[in-house]
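These are my notes from going through one model, entry by entry. I wrote down what I looked up and what came back.

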Amino acid sequence: MAVQMTEELYFGWGELLNGISPYAWAFIGTGLAIGLSVLGAAWGIFITGSSLVGAAIKAPRIRSKNLISVIFCEAVAIYGVIVAIILQTHLEQVKSGEVSLASKYAGYAIFWSGLTAGLGNLSCGVCVGVCGSGCALADAQDGNLFVKILVIEIFASALGIFAIIVAIIMSTKANFE
């Protein structure tokens, strides 16, 4: 017995993305903000920590003062937590019925804010990790270079702060009505 198809259903990408609840977009964005930030912090700690341990074999004096690089990496994870808390304040109780255009805008705004903060902090974590690695290796060679390279590491950490600012600006008008 042959099955005959009389009508073919096609759902384009627009219909698919439009069918997802704006609250789901907001929660995914919030999760991306904290998840990618923690991933960036972990990656930076891995890069810095491995160089710090290796360089401390040659010069044990650098062990304690180069832990500041690890602290800068941990700050990246805290940036993600701050953004996630700020984005959660925009969420309101789910209203039944038709989803308004303002709710869709709010969901997309929170999603892109979270993604922007997460990717910015992921990049910041790697950048701080590489700078911290260079700081540990340079300090093992010459103790006078520590403060000079630490200033560069502070500038690398500013990338995460810029990501927070952009995420906050993007999400300011996100209101579920």
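**Entry 1: S51**

I began with S51 and looked up its place in the fold; S51 sits in helix α2, which covers residues 22-58. The model is a predicted one. Next I checked whether S51 is buried or exposed. Its relative accessibility is 14%, so S51 counts as buried, the cut-off being under 20%. I then listed its contacts, leaving out neighbours within four places in sequence, and found S133, A136 and L137.

**Entry 2: salt bridges**

I searched the whole structure for salt bridges and got two. One of them joins D139 to R61, with the closest N and O atoms 3.4 Å apart. I noted where the partners lie: D139 is in helix α5, while R61 is in the loop between α2 and α3. They are 78 residues apart, and the pair links distant parts of the chain.

The side chain of D139 also meets that of K65 in a salt bridge, at 3.5 Å from N to O. K65 belongs to helix α3 and D139 to helix α5, so this pair ties together parts that are 74 residues apart in sequence. I recorded R61, K65 and D139 as a network of salt bridges.

How accessible is D139? I read a relative accessibility of 0%, so D139 counts as buried. R61 comes out at 43% and is therefore partly exposed. K65 has a relative accessible area of 32%, so I entered K65 as partly exposed too.

**Entry 3: aromatic pairs**

I counted the aromatic pairs and arrived at four. I wrote up the pair of W25 and F111, which is edge-to-face, with 5.0 Å from centre to centre and 70° between the planes. W25 is in helix α2 and F111 in helix α5; they are 86 residues apart, and the pair links distant parts of the chain. Both W25 and F111 are buried.

I also wrote up F111 with W112, an edge-to-face pair with centres 5.0 Å apart and 80° between the planes. Here I compared each residue with the cut-offs. F111 has a relative accessible area of 11% and is therefore buried. W112 stands at 45% relative accessibility, so W112 counts as partly exposed. I put W25, Y108, F111 and W112 down as one aromatic cluster.

**Entry 4: helix α4**

I turned to E74, which is found in helix α4. Its relative accessible area is 42%, so E74 is partly exposed. I took the C-alpha separation between E74 and V38 and got 8.2 Å, for residues 36 apart along the chain.

What span should α4 have? Its 22 residues should span 32 Å at 1.5 Å a residue, and the end C-alpha atoms are 32 Å apart, so the two values agree. I then listed the buried residues of α4: S69, V70, F72, C73, A75, V76, A77, Y79, G80, V83, A84 and L87. I looked up what these buried residues pack against, and the answer was α2, α5 and α6.

**Entry 5: helix α6**

I repeated the span check on α6, which has 26 residues. From its first C-alpha to its last, α6 reaches 38 Å, close to the 38 Å expected at 1.5 Å a residue. The buried residues of α6 are F146, I149, L150, E153, A156, S157, A158, G160, A163, I164, A167 and S171. Which helices cover them? The cover includes α3 (62-65), α4 (67-88) and α5 (101-141).

**Entry 6: the surface patch**

Last, I looked for nonpolar residues on the surface. L159, I161, F162, I165 and I169 form a nonpolar patch there, with about 470 Å² of accessible area together. I followed up I161, which lies in helix α6, residues 146-171. Is I161 buried, exposed or partly exposed? I161 has a relative accessible area of 38%, so I entered I161 as partly exposed. That value also meets the rule for patches, because patch residues have over 30% relative accessible area.

Technical notes. Residues numbered from 1 in each chain as written. Heavy atoms only, no water. Patch = residues over 30% accessible without salt bridge, like charges linked within 9 Å, V, L, I, M, F, W, Y side chains within 5 Å. Areas by Shrake-Rupley, 256 points an atom, 1.4 Å probe, with all protein chains shown as cover. Salt bridge = Lys/Arg side-chain N within 4 Å of Asp/Glu carboxyl O. Helix = DSSP H or I, 4+ residues; strand = E, 2+ residues; numbered from the N terminus. Buried < 20%, exposed > 50% of the residue type's maximum accessible area, 1.4 Å probe, protein only. Contact = heavy atoms within 4.5 Å. Expected span 1.5 Å × (residues − 1). Phe/Tyr/Trp six-rings, centres within 6.5 Å; stacked < 30°, edge-to-face > 60°.
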